[in-house]
Amino acid sequence: LLPAAPDGAVTGEQLTVITRELFPDAAIEFSANPTRAEFAAAYTALLGRACTEIAPSDGAALPPDIALAGDGREAVLEASVPHTAGGGSWEDVAPAYGPGLVNLSGELFSIDENGELMLDCDVGTLHFDGSGRYTSGNELLDGYAKDIIAGFMLENPEAGRPELLRMAYDYTRDSFTYLRRNYYAFGETGWEIDEAITMLETGRGNCYCYAAVFWALARQLGFDAEAISGTISRTSQPHAWVEIVIDGTNYYFDPETEMAYIQKRDYGYDMFMMNYYYARTWSYRG
């Protein structure tokens, strides 16, 4: 019988004992704190399987991270996909993803034309760090956004990006309470991260907070969202909303204003993905 799985991180000593139970003839010893790369490289070799550059499959338990490099990274990618029974190699498995964006359990990655993770680069205004993950530049906000998106994906496994964007909008509209807070100058930027964290941690905020939360979630889904600080109505009241260009068309998203209508029991407005002509009803200026 194999030893019981320990709580927390597996040490090299524990992993060595388990491995020798599985492969009695293998002369193998792991480092004190083995990475997933070290584990995957060792087990790929022990199973006699070939390392190939292949993207992780949907729901893969081992998404690549900054600890994975060289042969170790290839081994994790190899270990993350299903393989043919008795084949001895996973080389015949087609790549799980073509070029473009892919979201694994809330984490956003970008794949290039060669099926490779894009590392430390920008795609539009979305930045992907050295591990290939999208980041807002703030680890705390990234964690909140990832967990929220992961929840949507877990509850709706068949949902595509458009459906997930709608869930992000509805979540933002319905999950918080309005509270008068900071106002920003017309056209001002740089407030998005602070206002999103404030709303997510306190549950309260104004239009800038609502816009910032939806901005963060939309970008975590791979949409090149922009939070706008401008004015609304013919009296030019300070206001914030989000704009996203989708398939060449610019759309407006205003969860805070729709929330205000719903609070008044007025359910006649849908302010998700408004085109320019519908948005003109509210005289947005930004």
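Two residues are in contact when heavy atoms lie within 4.5 Å. By that criterion, among contacts in the protein chain between residues at least 6 apart in sequence, 53% join residues at least 24 apart. The model described here is predicted. Its protein chain has 286 residues, of which 44% are buried, and contains nine helices and ten strands.

**The sheet β8-β9-β10**

Strands of a sheet pair through backbone hydrogen bonds, in either a parallel or an antiparallel arrangement. In this model, three strands form an open sheet in the order β8-β9-β10, with antiparallel pairing. β8 and β10 are the edge strands, each pairing on one side only. Neighbouring strands of this sheet are turned against each other by 40 degrees on average, direction ignored. The two pairings are set out below.

| Strand pair | Sense | Bridges | Residues standing opposite |
|---|---|---|---|
| β8 (residues 226-232) and β9 (residues 237-246) | antiparallel | seven bridges | Gly230 and His239 |
| β9 and β10 (249-253) | antiparallel | five bridges | Ile246 and Thr249 |

Strand β8 is mostly covered, as six of its seven residues are buried. The hairpin of β8 and β9 has four residues between the strands, and in this hairpin Ser233 takes a positive phi near 75 degrees.

In a regular strand the side chains alternate between the two faces of the sheet. Which helix lies across β8, β9 and β10? Helix α7, residues 207-220, takes that position and runs at about 15 degrees to β9.

**The second largest pocket**

Rolling a probe the size of a water molecule over the atoms shows where empty space is left. The second largest pocket has a volume of about 240 Å³. Its lining comprises 14 residues, and those nearest the centre of the pocket are Ile232, His239, Glu256, Thr257 and Ala260.

Where does the largest share of this lining come from? Helix α8 contributes that share, with four residues. Both β9 and α8 (255-263) supply at least two residues each. By character, the lining residues of the second largest pocket divide into seven nonpolar, four polar and three charged.

His239 connects the two parts of this description: the residue belongs to β9, where it stands opposite Gly230, and it is also among the lining residues nearest the centre of the second largest pocket.

Technical notes
Residues are numbered from 1 along each chain as its sequence is written. This is a predicted model: local features need pLDDT of at least 70, side-chain atom pairs count only at pLDDT 80 or more; totals for chains, interfaces and linings use all residues. Side-chain values use heavy atoms; hydrogens and water are left out. Buried means under 20% relative accessible area, exposed over 50%, partly exposed in between (1.4 Å probe, protein chains only). Two strands pair if DSSP finds at least two bridges between them. On a 1 Å grid over the protein atoms alone, a cavity is a set of points where a 1.4 Å probe fits but cannot get out, and a pocket is an open set with protein on both sides within 12 Å along at least five of seven lines; lining residues have an atom within 4 Å of a point. Grid points are joined across faces, edges and corners, and a volume is the space filled by probe spheres set on the points. Ala, Val, Leu, Ile, Met, Phe, Trp, Tyr, Cys and Pro count as nonpolar, Asp, Glu, Lys and Arg as charged, and the others, Gly among them, as polar. Axes are lines fitted to C-alpha atoms, for helices over the stretch in contact, and angles run from 0 to 180 degrees between N-to-C directions.
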